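Open the model in your viewer and keep the selection panel at hand. The tour goes from salt bridges to pockets.

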Amino acid sequence: MHGSEKPSAWLQRWAHLITPGSHVLDVACGAGRHMRWLATQGLTVQGVDRDPEAVALAQAFGPVICADIENGPWPFTGQSFGAVVVTHYLWRPLLPVIVQSVAPGGVLIYETFAAGNETVGKPSRADFLLQPGELLRATEGLRTVAYEDGFEASPDRFVQRLAAVRPVSQTEVVRWPLQAT
């Protein structure tokens, strides 16, 4: 089942940017692989997914809302989170809402498939593949700390990945560490 694999190496690499004690939202959480890992890091986690079977599994790690976020209302209107995590999920109309859900001082950790993936496997529809630079453009209100766009092997796939923070203020100078200390 999607979501039962090991946590994303990208998430593990950039999770040190999440303020301890933060409330983290895992969008399209599947069976909760990231919720599980983040909970072991001492974070409060919450998820959303449309698959009732996956939601039932993910609820072992924190509250999960079963909702079709592509065809129904965003269940977190007016809420913001210390971190928002998205992996292997893309619904373009929701990108602005996801970005707005990052609280001041919070972080967005996003990783999904990119154009070129159609040459090596699924997903292969353009609807589910980010175009070059698309994730950067969608997160312009945030400060990008790390970004990758390219091909990786084993498994073969094209991906875009981003770790970005929402500054508390426009004049604040924060040292966002590139490695966990």
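This is a predicted model. Start by selecting Glu152 and Arg157: their side chains form a salt bridge, with the closest N and O atoms 2.6 Å apart. Glu152 counts as partly exposed at 21% relative accessibility, while Arg157, at 16%, counts as buried; the cut-off for buried is under 20%.

Next, add Glu111, Glu148 and Arg161 to the selection. Together with Glu152 and Arg157, these residues are linked in a network of salt bridges. Within the network, show the pair Arg161 and Glu111, which meet in a salt bridge at 2.7 Å, N to O. This pair links distant parts of the chain: Arg161 sits in strand S7 (residues 157-165) and Glu111 in strand S5 (residues 102-113), 50 residues apart. Both Arg161 and Glu111 are buried.

Keep the network displayed and turn to the second largest pocket, which holds about 190 Å³ of space. Which residues line the second largest pocket? Select Glu5, Lys6, Pro7, Ser8, Ala9, Trp10, Arg33, His88, Glu111, Glu152, Arg157 and Arg161. Among them are Glu111, Glu152, Arg157 and Arg161, which also belong to the salt-bridge network. Helix H1 (9-14) and S7 each supply at least two residues of this lining. By class, the lining of the second largest pocket has seven charged, three nonpolar and two polar residues.

Now move to another salt bridge. Select Glu70 and Arg50, whose side chains meet at 3.8 Å, N to O. Glu70 lies in the loop between strand S3 (64-66) and strand S4 (81-87), and Arg50 in the loop between strand S2 (44-49) and helix H3 (52-58), so the pair ties together parts that are 20 residues apart in sequence. Are these two side chains buried or exposed? Glu70 is partly exposed, with a relative accessible area of 21%, whereas Arg50 is exposed, at 53%. In the whole model the count comes to seven salt bridges.

Finish at the largest pocket, with a volume of about 440 Å³. It is lined by 18 residues, and the closest to its centre are Ala28, Arg50, Glu70, His88 and Tyr89. Arg50 and Glu70 thus appear again here, having been seen as a salt-bridge pair. His88 is one of the residues lining the second largest pocket as well. To see which elements contribute, colour S2 and S5: these give two or more residues to the lining of the largest pocket. The lining of the largest pocket divides into nine nonpolar, five charged and four polar residues.

Definitions and conventions
Residues numbered from 1 in each chain as written. Predicted model: local features only at pLDDT ≥ 70, side-chain atom pairs only at ≥ 80, totals over all residues. Heavy atoms only, no water. Salt bridge = Lys/Arg side-chain N within 4 Å of Asp/Glu carboxyl O. Helix = DSSP H or I, 4+ residues; strand = E, 2+ residues; numbered from the N terminus. Buried < 20%, exposed > 50% of the residue type's maximum accessible area, 1.4 Å probe, protein only. 1 Å grid on protein atoms, 1.4 Å probe; cavity = no way out; pocket = protein on both sides within 12 Å on 5 of 7 lines; lining within 4 Å. Points joined across faces, edges and corners; volume = space filled by probe spheres on them. Nonpolar A, V, L, I, M, F, W, Y, C, P; charged D, E, K, R; others polar.
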